[in-house]
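Here are a few notes for someone opening this entry for the first time. Please read them with the structure in view.

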Amino acid sequence: MQTKVTPINSYPKYWAECYGTAPFLPTTRKEMDALGWDSCDIILVTGDAYVDHPSFGMAIIGRLLESQGFRVGIIAQPKWDNKDAFMSLGKPNLFFGVTAGNMDSMINRYTADRKLRHDDAYTPNNEGGKRPDRAVLVYSQRCREAYKDVPIVLGGIEASLRRLAHYDYWSDKVRRSVLMDAKADILLFGNAERALVEVAHSLANGQSLEEMQFIAGTAVMMRELPAGYKEIDSSRIEKPGRAMPMPNPYATEENCASNKQEQAAEPAPQVVHVQPSRHDSNTTAVRLPSYEKLRNDRILYAHASRVMHLETNPHSARALIQKHGDRELWINKPPIPLTTEEMDFVFGLPFARVPHPSYGKAKIPAYDMIKTSVNIMRGCFGGCSFCSITEHEGRIIQNRSHESIINELEEIRDKVPGFTGTISDLGGPTANMYRLGCSDPKAEANCRRPACIYPDICKKLNTDHKHTIDLYRKARQVKGIKKIMIASGVRYDLAIESPEYIRELVTHHVGGYLKIAPEHTEKGTLDLMMKPGMSKYYRFKELFEQYNREAGKKQYLIPYFISAHPGSTDDDMLNLALWLKENDFQCDQVQNFYPSPMCNATAMYHSETNPLKRVKYKKREDLFVAKGERQRRLHKALLRYHDPLNWPLIREALIGMGKKHLIGDKPSCLVPHEGSDAEMTPAQRRGSGRHGAKRFATKHPNQPDIRNDGKRQAGKPNGKRKPNQGSNSGYQANGNGNGNNGNGKRKPTGNKAGDRAQQGGQRGTGQGKPSNGKPSTGGRGKPQNRSGNKPNRSRARA
């Protein structure tokens with residue numbers, strides 16, 4: 001049953017609406033004075049530079065609260081060694097809103113090998129070190145020191161994906177909920193507009209925090225459980241064959257038909273199905289294992305992860321309870337997705353669409369990356385195990401209307417300085433999930449499947465790309481728009497269901513390269529990733545090449561792959577490397593799997609077992625997990641088999657694997673015999689030239705260099721990276737991109753400033769991107785480090 005909610009634009013305005021709209025939300029007392037403000041009602045603290053653009057979470061949240069009649073100030077990237085910077089705007093009347101920014105601060109600051117980054121795409125001049133590690137904790141502490149009686153509300157991707165006890169890759173241990181460690185009052189997770197508006201108006205109306213404990217999309221700490229709730233105990237791993245008084249917490253194997261007659265007449269062939277719960281989600285809560293149990297029991301952690309992932313449907317999920325010491329962590333059901341009208345309202349707010357004037361001429365890479373891109377949707381029903389977008393944004397797609405998107409294109413044309421007529425992206429966590437979703441509202445309201453397209457596409461999923469095709473055609477007709485690129489990753493297993501979409505894409509919207517993500521070639525690893533087999537990649541490639549020939553174009557696919565994913569053995573990585581060599585792919589800038597909080601693959605990494613199946617202590621499915629610097633280096637090296645610097649490590653591994661026949665000069669060999677190292681040039685040895693800063697992100701030996709506008713360009717290779725798009729979460733309540741899956745650096749999506757990574761989005765990995773084509777003449781390659789840094793498109797990677 002669909003839950004009724006109050007539209008976010010229907011609340012009575014707070015009194016400060018009389019001040020009108022600020023050109024920029026104030027960041028200093030001088031700016032407040034110019035607006036006639038004596039104080040702020042709400043102060044937002046963020047780890048990102050303040051860019052008043054709908055791809056940046058703080059801008060969306062700030063403008064949304066402003067539209068409700070609140071006076072909102074922003075403290076961006078404050079000095080955190082003392083409380084002074086947190087007092088610069090005075091005491092807020094209602095609350096501090098705290099976020100690390102469009103990316104998790106640890107992913108932003110450290111590579112997948114735990115090495116320090118020296119850049120930050122969300123900071124002026126790409127300067128690193130402008131936000132602390134675990135920024136949510138540090139900022140919350142300073143806010144409490146500044147004004148101890150002011151409520152603290154947490155949001156953003158870092159808080160959202162750390163709302164439960166979670167495995168922390170950087171300390172290699174299970175940590176408590178960030179709400180507990182930050183000593184904050186309430187945490188908002190997911191796309192937070194709905195919860196935030198309700199919290200703000202409730203506080204403004206004089207309600208206490210104790211009266212706001214059951215708002216969807218929030219988490220709070222309690223001394224004792226509320227009355228009137230039935231508790232389902234999933235704090236222990238159930239023994240096989242045990243008679244269970246409650247529904248099996250693992251149950252996902254019923255048919256999702258609307259009624260028994262339909263189920264009997266037309267059984268669905270999928271392996272993973274859904275059943276309506278026998279328990280009312282409004283009066284039932286599921287108890288997870290306590291933090292104290294999880295920190296010492298990795299198998300129990302996998303069980304807890306599995307149970308949590310089954311409670312993500314906003315219409316039927318139940319509240320989660322987890323004990324932390326003598327207190328209870330209470331996590332309400334996920335927020336109800338925004339309607340199209342609400343999405344249009346949010347993206348129609350009066351954004352200046354440029355960085356705050358205080359930054360002067362300083363370049364903010366994340367902004368430069370997404371200033372001419374448009375976020376058309378949120379969410380992802382792909383369910384990839386390495387990506388945190390589903391846990392953050394949900395699997396129900398939230399769509400904008402064509403009219404709203406066209407209006408934003410016209411606004412970009414009229415307001416963005418130096419606009420040349422090229423739109424860099426129309427997308428989201430994925431390029432082609434716009435207006436796709438379940439065709440049966442009853443099934444959707446009860447579905448507990450983690451993915452709608454794995455292991456096969458659900459029969460109830462609408463895969464008609466008509467709305468996306470129509471949008472592309474309308475967008476091309478906007479006066480002043482010369483070219484529209486699709487930079488978000490295309491979910492090719494969906495695209496092949498609509499060949500007309502592939503034709504439209506290839507004919508009009510590919511600028512030479514098109515990103516897709518097979519992720520691996522081996523079925524065992526792909527099953528753990530919850531990704532389709534290679535047959536669908538080959539089918540897409542066939543259609544892509546067919547429509548290129550019909551259009552008279554030479555364009556190339558750029559497939560992404562993950563190294564060191566849990567379950568991927570040395571043999572699996574070797575087979576992937578041989579496939580790359582056979583297909584003449586050479587990947588540069590490869591990054592290993594990055595275990596970001598909350599995603600299924602991180603539970604695999606920590607537990608070394610498979611949480612996608614029933615978890616057992618005995619007779620369980622143990623997974624091989626590449627851990628340790630040498631093992632992870634080897635997997636990364638195999639994807640870069642062509643680099644002479646990797647040959648010694650690969651030779652040693654091949655000999656140890658009994659694969660010495662793959663060393664030599666034959667076409668079937670992966671690397672040459674020892675002694676061929678002498679053929680390295682001085683530039684190769686020092687890592688410069690094509691093997692260093694000026695190399696392509698990925699390349700095919702015979703591939704031309706192609707600029708963003710699709711024209712070939714000779715000379716002047718450029719090694720600049722696209723900033724990561726992290727996931728839009730919590731305060732970044734809107735995400736676009738390909739997944740931040742929570743790792744690496746990506747193009748901003750936050751709304752496009754957070755990408756499936758953190759997409760994702762948070763996608764916990766970084767990938768190299770191979771591509772196929774003709775001889776290279778130099779030119780501009782734009783390497784992307786696939787992990788959580790596309791400023792928020794959230795995969796977030798789809």
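1. Cys380 has a relative accessible area of 2%, and because buried means under 20%, Cys380 counts as buried in this model, which is a predicted one. Along the chain, Cys380 sits in the loop that runs between strand E14 (377–378) and helix H13 (389–393).

2. Cys384 is likewise placed in the loop between E14 and H13. With a relative accessibility of 5%, Cys384 is also classed as buried, so its value too falls on the buried side of the 20% cut-off.

3. Why look at these cysteines at all? UniProt, in an unreviewed entry, lists Cys380, Cys384 and Cys387 under "binding site". That assignment comes from the record, and the annotation may be inferred rather than shown by experiment.

4. Is Lys515 buried or exposed? Lys515 belongs to strand E21, which covers residues 513–519, and its relative accessible area of 10% makes Lys515 buried, because that value is under the 20% limit. As for what its side chain meets there, the side chain of Lys515 reaches the backbone oxygen of Ala487 at a computed 2.3 Å.

5. For the chain as a whole, the secondary structure amounts to 25 helices and 25 strands. Of its 798 residues, 65% count as buried, while the chain exposes about 28,600 Å², of which carbon and sulfur atoms supply 49%.

Conventions:
Residues are numbered from 1 along each chain as its sequence is written. This is a predicted model: local features need pLDDT of at least 70, side-chain atom pairs count only at pLDDT 80 or more; totals for chains, interfaces and linings use all residues. Side-chain values use heavy atoms; hydrogens and water are left out. Helices (H or I, at least four residues) and strands (E, at least two) are DSSP runs, numbered from the N terminus. Buried means under 20% relative accessible area, exposed over 50%, partly exposed in between (1.4 Å probe, protein chains only). Accessible areas come from the Shrake-Rupley method with a 1.4 Å probe; for residues, only the protein chains shown count as cover. A polar contact is a pair of N or O atoms within 3.5 Å; within protein, one must be able to donate a hydrogen and the other to accept it, and residues adjacent in sequence count only if both atoms are side-chain atoms.
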